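Trainee: I am new to this structure and would like a close look at a single part of it. Please begin with the whole and then move in.

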Amino acid sequence: IRAQLKQEALPQRKSLSEIPSLFKDAVGSGEEIVGLFLAVAHQWHNAGKIVCDEKASKGKAWLSNFSDRGGHIVYGPYALLKQAGAYKGWFRIRFCADEKEPLAEVVRLEVTHGGMHDTLLLRVAENNDGLYHFYAIPFSYKITERIELRVEKFCKVQIWVDFTAISRSR
């Protein structure tokens, strides 16, 4: 972690040919993809494990199972972006909730930077289909602030995280 925190730009930026076409389509032509972070390779975890997942863009995902404790299951990459501007933090996730769980927030997605927390709450009833979905959180970025993208769970749920990403408005 310390070595990555010393970097002055996004860690291991993917070339556009390596970025899944389904994500390029979701972002659209009005945005430039500036970083893509596979949950199994480029982020930190508090609970869960790597699993094979044919629905994930690269065949593997980070899974936090029903029995895993809550909290931040994926977080990072603590990246510095190259310029100030309007950005979006992207999350490609899917989940399956316990049928006995109440219809409350299941997962919180966050973009944190410079003491700011931009948040999106996802609810079981709206997202419990077992399919991957893209979720975007717009944020304004100022230089020298490190970016962290977080996935946090609050109840018994299976969450698969494929990747997180950052895009910038053109």
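What does the accessible surface of the protein come to, and what percentage of it belongs to carbon and sulfur atoms? After that, please take strand E10: which of its residues lie on one side and which on the other?

Mentor: This is a predicted model, in which local features need pLDDT of at least 70 and side-chain atom pairs count only at pLDDT 80 or more, while totals for chains, interfaces and linings use all residues. Residues are numbered from 1 along each chain as its sequence is written, and side-chain values use heavy atoms, with hydrogens and water left out.

The accessible surface of the protein comes to about 8500 Å², and 49% of that belongs to carbon and sulfur atoms; such areas come from the Shrake-Rupley method with a 1.4 Å probe, and for residues only the protein chains shown count as cover. Of the 170 residues, 47% count as buried (under 20% relative accessible area; exposed is over 50% and partly exposed in between, with a 1.4 Å probe and protein chains only). The mean pLDDT is 80, and 82% of the residues reach 70 or more; pLDDT is the predictor's confidence in each residue, from 0 to 100. Over residues 1-14 the pLDDT stays under 50.

The protein has three helices and eleven strands, which are DSSP runs (H or I, at least four residues, for helices; E, at least two, for strands) numbered from the N terminus.

Now to E10. Seven of its seven residues are buried. On one side are Ile147, Leu149, Val151 and Lys153, and on the other Glu148, Arg150 and Glu152. E10 runs antiparallel to E4, joined by three bridges; two strands count as paired if DSSP finds at least two bridges between them. In this pairing, Gly71 stands opposite Lys153. Strand E5 (residues 77-79) also pairs with E10 in the antiparallel sense, over two bridges, and there Pro77 stands opposite Glu148.

One residue of E10 leads on to the core. Val151 is among the members that touch the most others in the largest nonpolar core, which has 31 residues; the rest of that group are Ile93, Leu109, Val161 and Ile166. Such a core is a set of buried Ala, Val, Leu, Ile, Met, Phe, Trp, Tyr and Cys residues joined through side-chain atoms within 4.5 Å. The elements that give two or more residues to this core include E10 (147-153), E4 (71-74) and E11 (157-169). E6 gives the most, with five residues. In soluble globular proteins, nonpolar side chains tend to be buried together.

Val161 shows how E10 meets its surroundings. Neighbours within four places in sequence aside, Val161 is in contact with Val151, and also with Ala39, Ala61, Trp62, Ile73, Val74, Arg92 and Ile93; contact means heavy atoms within 4.5 Å. A second, separate core holds nine residues, including Ile33, Leu36, Leu38 and Ala165.

The chain-wide picture can close the answer. Among contacts in the protein with a separation of 6 or more, 75% come from residues 24 or more positions apart. The confidence varies by element: helix H1 (residues 2-5) has the lowest mean pLDDT, 42, and E9 the highest, 93.
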